[in-house]
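Q: Could you take me through one part of this structure slowly? I'd like a close look at a single helix and what sits around it, in plain words please.

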Amino acid sequence: GPVRATSHTYILQSARLQPGGCLFVYSDGVTEAMDADHEQFSEKRLNEILDENIGSDAETLIANVTDAVIKHADGEPQSDHVTMLAIIFNPPA
């Protein structure tokens, strides 16, 4: 159920990652990064990058998303914090 912390409400959820499964958490600074035409990077673009990186390790995944956001912004100033966390479940053999 919901957990109240300060002025925010958080919903607790659980999921079970299968071997090779990935949990990718990001702030809206990723999807809302804008180019010179004020076009946002978007969730659609983020999903495309994530699909292209299936099987990558967490470091590579974060680097590739970061590179795509920087390329999209094309020198425009960063308008918000960009935060990402990737966890990939690789159980021991």
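A: Here is a walk along helix 3 and then out to its surroundings, bearing in mind that this is a predicted model.

Let's start with the helix itself. Helix 3 covers residues 58-73, which makes 16 residues. At 1.5 Å a residue it should span 22 Å, and its end C-alpha atoms are 23 Å apart, so the expected and computed spans agree.

Now, which residues of helix 3 are buried? They are Leu61, Val65, Ala68, Val69, His72 and Ala73. If you look down the axis of helix 3, these buried residues fall within an arc of 135 degrees, so they line one face of the helix. Turn to the face pointing away from that buried side, and you meet the exposed residues Glu59, Ile70 and Lys71.

What do the buried residues of helix 3 pack against? Their partners are strand 3, helix 1 (28-31), helix 2 (42-52) and strand 4.

Let's zoom in on one of those buried residues. Histidine 72 belongs to helix 3, and its relative accessibility is 11%, which is why it counts as buried: the cut-off is under 20%. Leaving aside neighbours within four places in sequence, histidine 72 is in contact with Ala33, Met34, Asp35, Glu39, Gln40, Phe41 and Arg45.

Two names in that contact list are worth following up. Glu39 and Arg45 both touch histidine 72, and glutamate 39 also forms a salt bridge with arginine 45, with the closest N and O atoms 2.7 Å apart. Glutamate 39 is partly exposed, at 38% relative accessible area, and arginine 45 is partly exposed too, at 28%.

The structure holds two salt bridges, so where is the other one? It joins glutamate 48 to lysine 44, and there the closest N and O atoms are 2.8 Å apart. Both residues lie in helix 2, four residues apart, which is about one turn of the helix. Lysine 44 is exposed, with a relative accessible area of 59%, while glutamate 48 is partly exposed at 35%.

While we're in this neighbourhood, check the backbone angles. Histidine 38, in the loop between helix 1 and helix 2, has a positive phi of about 65 degrees although it is not a glycine. Is histidine 38 buried or exposed? With 62% relative accessibility, histidine 38 counts as exposed. Serine 42 is another residue other than glycine with a positive phi, this one near 85 degrees. You'll find serine 42 in helix 2, and it is partly exposed, with a relative accessible area of 21%.

Finally, go back to the two strands that helix 3 packs against, strand 3 and strand 4. On the surface, Leu17, Leu23, Val25, Leu85, Ile87 and Phe89 make a nonpolar patch of about 470 Å². Strand 3 (22-26) and strand 4 (84-88) are the elements that give two or more residues to this patch. Phenylalanine 89 comes from the segment after strand 4, and at 34% relative accessibility it counts as partly exposed.

To pull it together: helix 3 has its buried residues along one face, and those residues pack against strands 3 and 4 as well as helices 1 and 2.

Notes. Residues are numbered from 1 along each chain as its sequence is written. This is a predicted model: local features need pLDDT of at least 70, side-chain atom pairs count only at pLDDT 80 or more; totals for chains, interfaces and linings use all residues. Side-chain values use heavy atoms; hydrogens and water are left out. Patches are made of residues with over 30% relative accessible area and no salt bridge: like charges are joined within 9 Å, nonpolar side chains (Val, Leu, Ile, Met, Phe, Trp, Tyr) within 5 Å. Accessible areas come from the Shrake-Rupley method with a 1.4 Å probe; for residues, only the protein chains shown count as cover. A salt bridge is a side-chain nitrogen of Lys or Arg within 4 Å of a carboxyl oxygen of Asp or Glu. Buried means under 20% relative accessible area, exposed over 50%, partly exposed in between (1.4 Å probe, protein chains only). The expected span of a helix is 1.5 Å times one less than its number of residues. The arc is that of the directions from the helix axis to the C-beta atoms. Contact means heavy atoms within 4.5 Å.
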